[in-house]
Structure formats: structure tokens, C-alpha cells
There are 4 protein chains.
Amino acid sequence: MAGSTFGNNITVTTWGESHGEALGVVIDGFPAGLRLCKEDIQIYLDRRKPGQSKFTTARAEGDEVEILSGVFEGHTTGTPISLMVRNMDQHSKDYGNIANTFRPGHADFGFIEKFGTRDYRGGGRSSGRETIGRVAAGAICAKLLRELGIEVFAYTKSIGDVSISEFELGERDLNPVAMPDALAAKEAQEYLEACMLNKDSAGGVIECVITGVPAGVGDPVFEKLDAKLAQAIVSIGSVKGVEIGDGFAVTKSTGSLNNDAFEMKNDKVVKTTNHSGGILGGISDGDDIIVRAAIKPTPSISQLQHTVNEAHEEVDIEIKGRHDPVIVPRAVVVVEAMCAITVCDALLSHMTDRVDYIKEFYKN
Amino acid sequence: MAGSTFGNNITVTTWGESHGEALGVVIDGFPAGLRLCKEDIQIYLDRRKPGQSKFTTARAEGDEVEILSGVFEGHTTGTPISLMVRNMDQHSKDYGNIANTFRPGHADFGFIEKFGTRDYRGGGRSSGRETIGRVAAGAICAKLLRELGIEVFAYTKSIGDVSISEFELGERDLNPVAMPDALAAKEAQEYLEACMLNKDSAGGVIECVITGVPAGVGDPVFEKLDAKLAQAIVSIGSVKGVEIGDGFAVTKSTGSLNNDAFEMKNDKVVKTTNHSGGILGGISDGDDIIVRAAIKPTPSISQLQHTVNEAHEEVDIEIKGRHDPVIVPRAVVVVEAMCAITVCDALLSHMTDRVDYIKEFYKN
Amino acid sequence: MAGSTFGNNITVTTWGESHGEALGVVIDGFPAGLRLCKEDIQIYLDRRKPGQSKFTTARAEGDEVEILSGVFEGHTTGTPISLMVRNMDQHSKDYGNIANTFRPGHADFGFIEKFGTRDYRGGGRSSGRETIGRVAAGAICAKLLRELGIEVFAYTKSIGDVSISEFELGERDLNPVAMPDALAAKEAQEYLEACMLNKDSAGGVIECVITGVPAGVGDPVFEKLDAKLAQAIVSIGSVKGVEIGDGFAVTKSTGSLNNDAFEMKNDKVVKTTNHSGGILGGISDGDDIIVRAAIKPTPSISQLQHTVNEAHEEVDIEIKGRHDPVIVPRAVVVVEAMCAITVCDALLSHMTDRVDYIKEFYKN
Amino acid sequence: MAGSTFGNNITVTTWGESHGEALGVVIDGFPAGLRLCKEDIQIYLDRRKPGQSKFTTARAEGDEVEILSGVFEGHTTGTPISLMVRNMDQHSKDYGNIANTFRPGHADFGFIEKFGTRDYRGGGRSSGRETIGRVAAGAICAKLLRELGIEVFAYTKSIGDVSISEFELGERDLNPVAMPDALAAKEAQEYLEACMLNKDSAGGVIECVITGVPAGVGDPVFEKLDAKLAQAIVSIGSVKGVEIGDGFAVTKSTGSLNNDAFEMKNDKVVKTTNHSGGILGGISDGDDIIVRAAIKPTPSISQLQHTVNEAHEEVDIEIKGRHDPVIVPRAVVVVEAMCAITVCDALLSHMTDRVDYIKEFYKN
């Protein structure tokens, strides 16, 4: 099954395994004429790079991106943009019993059932390193979005029971848990340290806000903007839930409370509240788009776990090696990337929605 | 934007407006040789038909399905199956101010911004009646799944604050709120009656369970089985959140609690728990697949609401007419249908995953 | 395999069998705001309708189109346009040995090998009646193209050895062989009469010219404008070859003769010749696009033919019934339709090719 | 427009420019378990490598392929196979007036109109070097096909007026024009030498034969096997026509001559002739599949040519540099590759065509 491509107008195809030669992405259909250099992409990749705090794996990876095609004289050309990151610290060690044992909470068993084989080194294709391609593609889409006045930013909303109660976006990049709230960040770190002492791991919630999307973007049926965001978010490893706007809280609300009234403001139709999270009936309503992702606790923990191996024997394993006690902080930029790709793609679709648009475009 | 098609191997294309001539669906790529008659589809459509209780709109629709192609001598032929339901009770009344006013909580404003026009009769394309095509397609996919030993069933898990605490599937079809718990169903009805008195509406949670899916179905990246289920579910109108397995609860769990241990049982690899909801890393793990959808309160309420019209004047509207005080019970079969379509499609994809499968198939 | 959909931005999904209830098409992604009525479509369908001369089957079909969705108050709404034509003259006769015999030159054997079953009535899905959906969709695309100054017209270039030597488009609709040359048309009819006397059938070439397509439409790699036209044309039953511009003649030409020089004319870049047929490197060059299709002789002939039946016995068959001695004239409008759909789709794709276009669109 | 991907089950995405860092391909959906090493791919790439005779450009490229992902322990893993070839001999010379002049017969003008910019170095994305990715992907598909008993081989059928009259496949690799006929090859070389003396270039016909495809593969409508082959072939640069079986000759034949009779042979349904070229109604009929491509004369010639530059001034250019006087011989392996990809993809589609196949697959 060809499942490594996302998008309709702009397609993002990632490739690569955790401990293979390299990982990368091909972005096809990206419009010509965006000023683009390596650094635009590198700053996004650096946000997901390992080894930046005690809460992330110590694996030493420069994750330096190489632009192989699609950019000429500092601008995109409209042809496929191929980006690659070489794997450096592959530790071609003895993988021991991990090589043929199904780690609980991982896709190992599913891979064997699906493909009959798997690259067991570091999770192979199911490794978090697969997201390098997504983040690189997201960086480029985010740059285009910024030129249209659209900002995409995500942050950690909660880790375990610790939720943010203040919001200062600048703060997000000052702490290792990516929380826009210094106090909550401190508490979250204490919680994580306790988890680590316990050889355990933690989960959390990432929230992403997209500002500046005009009303009218999306689709009323299967390609609803929120439906594509849901696919985009749940396609990130370890996500077990997604919410738009008020999310699951709407189930306990009522129509009179949950409906957002429309009003006029500066000659524009706006909503007085934003329970909808910026999307109504699959189409953007002009308000901030708000998406949340539920991230499960890192499945790789060093506690002894019971499981089964490829020979179908029951065994106990201890997973050694370099693993983040929490995935959330490093996944923040991945959520941002997937949202940027999804919105960018939908914006392009909207350009052909009306005969008038087409006539205007081809008028000469 | 061509957004009315879902699926890769089996594609489901719905068409039709609430008050147009008819609504329908084309199912392409469906395999040849399934015994199929009108009744197989009608029993699914009847579950979403209006007018079945005081909690559903009184609109009188037979919703009788017509099979127009793709079935010959009682079996599917492998060619597109075209199904149609004529609209009967279209009430070609004066739509009054609804025709040019943006109803809060609806896609009206988005439609105008997107298309520059809209069929305002009964919500047009954004009406719940669009799901007729999905349910009809789901009925056919569910029939194929049953022949493979796979069952898909959904039910109301909660309405407002009322959640089920028992589970008796047979009970689901005996009460108008589709709850598999008689006592909770009674409470939910009382809650809904209170909402109606208040000219208000309610939301709730639908849960869907899929049993019998073998391990190894799905994809590790963008076409993850849960990612496609997420798109499928959020593409249903009024869904604001989706969960797989433990969903948002995982964010407060730990790795040691959330990981499902593997063990051997009757010579099969199984899990001792099912926090994963049957999907790990995007691939089925052989356990029950569990999906939940958060449904918002019906946006059409008869309370006076403040809004804006197409002339960009602020106005107050009262939405008259026939509207369900809760969408949840009738959406149960829609969730079931979307899950059936998604799983059916993924099962077909898996058949080409290995060279060995291909050699076995073409061995003669 | 889901093979009944064509197009990227605008998708055309046909359904229906020759002797089923009905045939139809769903056109999704078609832009909102095109004035459209039944008559716009009917005039195209009437061009392929049977029974219009002695060279077409006597089957009596009104082929009256019904618009079921996607049009409101006389304009397209941007939602799927569903069109249907009921089958009338289905002759539910005894199909005799045709029902289980593989007719030479037909897809009967392939259908059985592929699907294990087939609707043998009138060829089922492989009937020329499948093109009703294509023609209906093409009529709508052609109408949009005309509003952009683009004309698509096809005609018979040759039947058997008889080729046109003059070109008067108006003449095309005045003779039953769709030739824009009265004298050649007369000769072709004589040739066809001889074929019919001989219980035999004839083939021919259809040429399609598309004027007014601006330069810059298409794609440099797999979605080349000519590659998509080739798929579109060869997807029509009985087509065995396709040419762009000078086609196979280029193989005997030289670079110096075959290259079209560029020059300036009225401040526009134009070519002094058009060997390219309006497409260079997959992208339109601003000149007339010229496509030719090779149509094989009608395989249904009333001569005795040797073949095999489903029981794998060798048998002789005589194909009775109503069959055109030549497919070419009725296929002219089908070629026109497929070209219109392909070009329309490509024009929409081009609108998102540049960052400048996107910025201009979203500038407010 | 995202036009660099081909295929449904197996998707092939090429990237790269003639004089960029590298060129490559991502093959997604390729089944797991095929034994694969670099050499399997290299032998195909070597067949299209420049510098192998006086009729091919002298550009010195090793075109050594690197496997970056999707292969583990000598076998494909089912995950994306990423392949890359670095550009070596890029001659970062002064491109002079070529940089801003529209070369006749090339896509330069179309690129500027489409994208507003272009990588003018060596044709950028429209260079024949783009086919490196196709050939690499084709090598892998051809290897899988061979394991299923399917062979794909192409050869030069004619160059200018010189056609083959004998057929000895082994001969093909012994002469620089890839003709399976020593005598014709000699004549063709003489013709090419005359062209070169004249600063001119030649075209020709490539024929591809695919043996061993079972009946029943393909689709009856838009995804007809021949329609996809037509897209595949015409998507190769410089192709101006494509034929299946008897191709354009059918237009002068009659039904009685063109129909292939069926008969039984060794308990198998076979045809007594193969005018159809192995495909009837879009579905394989079990016979050899025969496809022909018309290749235009190399547009880059060193004669003085009249054209226009980006400033819209009329100019004369002489195209210096390394160019093949004929594209045909090096395109032979590209045609073979595209046919292998197309057939491989269609074979996978067929595996899900029947309920019985699905039940058999999932029977345990």
C-alpha cells in the first residue's frame, strides 16, 4: 500500500528508516517563486532534533538538511523539492532480543503481520525519525503561509495532569517541555523527573492554533478541513485522539451555548465566540483554527515488560537505549508542520472553487 | 475542489442536496460476487430515517433506495454500484430569512465564502441527508465484512452528562437514543425532553467497535488505519473530536500502564489489555478496534439567535421547522457506515503488501 | 479496482450498464457559478444518440438527461453534479448463446477472467453506452471552456481508406459520417454500404482540435497535458492509437523540419508552424492542440465467427442485433468530451502553479 | 500541480533536475520481500547512461544509484524505496543565450508561462535525465514481474525510414541503435551519420512487448490497461504518438479481419491472431501486449534556428553542447520501465477484484 504521501495539490511523500542511510521527503506541486534557503528548513528541524534536554534521547544527530532539487537561484521552481537528512549516529550495535521481540505499545507486531518482515533497527519506518520529512515539508508550507498572513503555532497544553493556565508564546521556547507557561513548565518537569525515576513515561496534549485563514477554505464532505486535519494529526505516531475547537466538551454543552453568534466588525463577518474552533461544516469560518492532539506516553520504557517474540514465545524484555520519557515536546513542531501542510493544500484547492475566479485568472 | 469521494481501492462518491431531486452514491472498485439486494441496504437506511421518534425530525421520507447499476442477477459485478434515494417531502415552502441568513453553528457563511452561492433549502449539501449515500455504501461494505467474520457496531455512549454504565447491544435498538443500556436511555430521554422544553439541543458521544479485524491491516505513515478512521469520522457533520482506544485519557496515563502486554492464547499472539483500541502505529493489532466521536449539539434551535445575513446586516433569527434536538442517535449508523467503508478499503490494500501474496495469487 | 473516475481537480465518475436501469455520471469539483440547464447537456447527448442514420444502431433511446444535483437556480453550485439517463429500449430478450460466449474483438473474455462474472446484456459496462456519462460531463466542461474563449471540436478524418481533403466544419453536422468535407463524406458512405453488404464493419480516424488554450497549461512529467489526453482518448472503447500534432510522422522527420520556430506576433510569442500540436514537453505552447484517435472496426459483425464459450467449448457465433457498421461518427462527440474534460482539469491545476498567483488571490 | 507521481498501488515519484545536486525516485507501495540489490537497478540505468556511442551525448555520468531506504538485509521491506543518483558532470558553465532563450521544440517557453521561472541548466526538470528515476523504478518492477513469469522488452523498431525486418532480440544490445536486426541497425547508423553531418537529428519508433500477463488484468473504463500504458508512454519526453496492437492500421481494416478469433489450446482460451495487441476493452486478453511509441527527432540541433527570448525579442540561436542525434536508442529502456511499472501496478489492482479472492486471502 502506497501510504507515504499526503495532500492533494501539494503532495508530501516521506521516506526513510530510523537507522537507514538517510531520511527525506519529496514535496511535489509546491508553487514556484517562494524564496527558500536551507536555513528556513533547518530551524524547524532543529526544534525536533534529539539531545536538547534531559527529556530527549541523547542520540547525537545533526539532522542537517540537504536541498537536492526544486530550488534554483534561491527560489522554488514549481518542480519537486527533494530534501534529505543523513543518519549519523546509527549505533549499528547488536539489537539483541529487540530484533525479534514485539515491544509493547509499538508497531513491531503489526509490521510483521503486515509485511512479513521489518527493519528492527530503532523502529525502522515507524520511528519518530520519519517525522523529519514532515517537519521539513511543514517548514516550507509555513513559510508560504506567513507570506499570506497566516501563522501556525503549536505548544504543549498538558503533560500528565499538569496543564498550562497562562499563555505566553515566547515562553514556549525557553523551557524543555514547550509550554507557553513558565510555572506549568516547571511542574511538568518535576512530573517527568518522577516518571524517569520510576523507569516510566508520560503523555500529554498538544494544541495548535492557526491564525489568519480566511473564511471559505475547506470542503463540505469528505475533504472537510477538519477531517483532513484529523487525518494529518492522527497520522503522527502516538496520537490517540484529536479535537477541533471545544472538542469532546461539546458533547455536554447545548446548542444555545455552543453556537457562535455572527456579528459585523470593521465591515467583516466575525463570530463573537469560537466554540467551533474556526471550522463549521468542514469550511473555515474566518476565526482561529484550534486543533488538539492527545499523545500517549512513550511506549519504550526501561521497566521489565511481558511480551511475545517472533517465534511466538512469551518473554520479558527491558528496553535499553535512548528514549524520550515524553514525546510531547518534540512532537509540537510535528503537529505544527502537519497543520501547515494541510492548510496550505486547502488554500490552493479553494482557488478553483468558482467560475468567476477562473475567468478572472484567465481574463487576458 | 473534488471532495465528495472517500477511499482508495473502494471509492465512495456521494452526491445530492437536502431538497434537490435526489441523493445518492456511487461505489466504485467494490469486488464482484457479493450477493446483494435492496433490502441489505434498506435496513441500514431505515436506521437513519427521520420521523421514528419524538427526538427526530418529523420530515416524512421513505428514503427508499434504488439500485441503478453494478448488481446483476443478485450479485455485485465489480462495476460501479449506483444507488439513489429520491427526496419526497421537500416542502418547497418560502424559506424566508433563512435563505439569506447565516445560521449560527451551520456552514452557511462558509458556503457563501467558498462558492459565492449556496442551495439554502434545508442546508443543501451540508444537510445530514448527505449521509444517505454514506450509509448505503456502508451497508454494502458491512455485508462484505460480515462474510469475513468482521462486525462493526456503534451505539450512543453518552448524551449530555448521561453515560451508559451497562452494555447490552440488543437494547440499543429498543430505545430512541440508541443506547445499549435501558436505564441510561431513560435518563437521556428525560434530559432531551428538558432540552426541548428549553428550545435547546444536546450533544453526545458515539462509540464504534469493530471486531474480527486481523492484525497487519493499515499503514505506518499517512494512511494509518486510525488516521483514515479519524478522517472518516470527522468528515461526518457535527463531529468535533475523535478518539482511538483510550483516547485523551492516555495523556494522563504512563507508559507502564498504557502499554498492552502481548501473550500467547490458543497459539495466537494477543494483548492482555486493549488501551491501544486495536491499532498500534497505524496498523491493526488483532484486538477490537474502538473509535469514539464527539457530536456537537444540533445547531438548529428555535431560540432567538443573533447573526448576520448575506447583505452583512446584523439580524435575529428563529429557526422554525423540523430539527432533531440531538443528532447522536441517528448518527450512530453513519459512524458505523464510515468505519465499515474505511476498514473494508484497508483490508483490500493489505492483500498486495507482500511479494509472497502476489506470487501465491498468480501462481498458476 | 476503482477505475471509473477521471480527473484531478474536476473528477468525472461514470456508472451504468447498457441494459441496466440507467447510466449516469457524477462530476465533482466543478466550479460554482456556471449557468447550466438541461439543454446544454442534451445537445451533446443527441450527437451520440443511436438511430440517427442507417449507419447507427436502430436502438430507440431518447437518452434524455436528468439533472439530479449540483445545479440550483440555473447555476452550478460547486457541489457534485449528478446526471442520469434512463435506459428505455432494453430488449429484455433471450440473449441466446451470446450470454455465455466470448465475442471476438470484445471484452467478454477479459471480464470473465477479471470479475468471474459479467452483465452480458448488450456488453454491460463495456458498452458504448458508458460514454453517455462522459459526453454529459464533457458538455459541461466545454461550456466552461467556451466562456474562457476555448473551443473544442472533433470530426471524422478518415473512414477506411477515405480521408478528408477539405475542411468545412459546418459540413460535419450535415452528413452521417461527421466529416467536414462533403465529397469525402459521400465516398465514405459508399464504402460503409459496401462493408454492410459484406456483413462487415469499418474503422477510422477522429481528429480533435482545441483552440484558445493559453501557453503554460500542463505538467512536465507524468501529468503532461498530452499524456493525460492520451489516457483520456485511449480510455474510449475501440481506440487503438493516439497522436499529438504530427504524431507518427515525426519519426521520419528531422529536427530541423520538426522544430517549430518561435516568433513575435502582435506582442505575443507564437510559433510559425505547429508540428508540436500545441504541446511541448507536456505543457501547452499557445497553439492549437491537435489530437488524433485510431478507432477500430466495430467488432460486432453478423458474419459467422469462430470463438469459445464460458464452458471452454469452441463454437461459431453470428452476432444478431443492432450494431453500427462503424463507430467513428458517434465517437466524435466522445473524443470531444474527453478532450474538454482533460483541458478543463489542467486549466484549474495551473491556477496554483505560482506563489504570485496565490498571493494575488488572497491579497485581501 | 503535483504531477511527478505515477501509479495507484505502487506509486513512483521522480524528482531532480538535469544539473541539480541529484536526481531520484521514491517508490511507495512496493510489496515486501523482493530480493533486491543495487546491481539489479544499475544494469537498467547503464542501458540509458550517456556516452556509450557516438550517437549519444558525451556527458560523462557514472549514474551510480544509491539505495537510501526501503531495503533491509537484501530484501524490500514494503516501505518507500528511495533511490538517488548524484549529478557529476554538471558543467557549471556559462549558459549564454540559452539561459533566456526559448529553444524550438523544447518546453522552455511552456515552463516560463507555467511557472514564471525555470532552471535553464540542461533543460532542468524537462531534461531526459528525469527518466533516471523512471528507469530505476522500472528495474524493480521488472524484477518482480520476472518472478511472476512476465517479461517486458523494448527495442527500436525504426529510425527515420529504416525499419527492422528481422527480429533477434539478442542483437539489440550489440548495436548502438538498439535494433534487434543487424542489417537494419547498420542502415540506421548510416542514416544517423548523414543527419549528424547535416547538423540535424532523427526520430523513430520504439516497440515494447510484454509476455506472460494473464487475462483479466486492467479495467473497463478510465483505468483501461492500454489507457494507462498510453499515459505512461506519452509522459516520456519527445513521444508524439502511441499505438496498441495494430494501432493506426486498424482504421483501414475491417471487423472480420481485425477481430481475433478465440480457440482452445492446451485447455487454455487463446487467440488465433493478435491484432488487439493483448488488450481488449481495457483488459488483458492473455496474449502478448504490444505497445509502440513515436519519438520525435531530438529538438537540440546545432543548425542556426530562429526563435524568441524571454525579453520577447526575436533571435537566432545555435545550440552547442552535447546532444544525442537521436533519442530513440536511449529511450528504449525508458519505455520498458514505464511499461513494467504500469503492468505491475495493474496486476496488484486485480488481486482485489472479486469477493472470492478476498475470502480466500482472509480465510484463516
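These legends go with close-up views of a predicted model, mostly of where chain B meets chain D. Local features need pLDDT of at least 70 and side-chain atom pairs count only at pLDDT 80 or more, while totals for chains, interfaces and linings use all residues. Residues are numbered from 1 along each chain as its sequence is written, chains are lettered from A in the order in which they are written, and side-chain values use heavy atoms, with hydrogens and water left out.

**View 1. Chain B against chain D.** Here 23 residues of chain B are in contact with 23 residues of chain D (contact means heavy atoms within 4.5 Å). Put the two together and about 2,300 Å² gets buried, with carbon and sulfur atoms giving 75% of that. Buried area is the accessible area (1.4 Å probe) that two parts lose on being put together, summed over both. On the chain B side, M351(B), V355(B) and Y362(B) supply 30% of the area buried against chain D, more than any other three residues.

**View 2. Salt bridge and polar contacts between B and D.** K359(B) pairs up with E147(D) in a salt bridge, and their closest N and O atoms sit 2.6 Å apart. The count for this chain pair is 2 salt bridges, each being a side-chain nitrogen of Lys or Arg within 4 Å of a carboxyl oxygen of Asp or Glu. There are also 8 residue pairs in polar contact between chains B and D, both residues at pLDDT 80 or more. A polar contact is a pair of N or O atoms within 3.5 Å; within protein, one must be able to donate a hydrogen and the other to accept it, and residues adjacent in sequence count only if both atoms are side-chain atoms.

**View 3. Helices on the B side.** α3 (131–147), α8 (328–350) and α9 (355–361) of chain B each bring at least two residues to the side that touches chain D. Helices are DSSP runs (H or I, at least four residues), numbered from the N terminus. The top contributor is α9(B), with 5 residues.

**View 4. The B/D axis.** A turn of 180° with a shift of 0.0 Å along the axis lays chain B on chain D, at an RMSD of 0.0 Å; the fit is by least squares on the C-alpha atoms of residues with pLDDT of at least 70 in both copies. M351(B) has the chain B C-alpha nearest the axis, 3.6 Å from it. Since 100% of the interface residues of chain B are also interface residues in chain D, the copies meet through the same surface.
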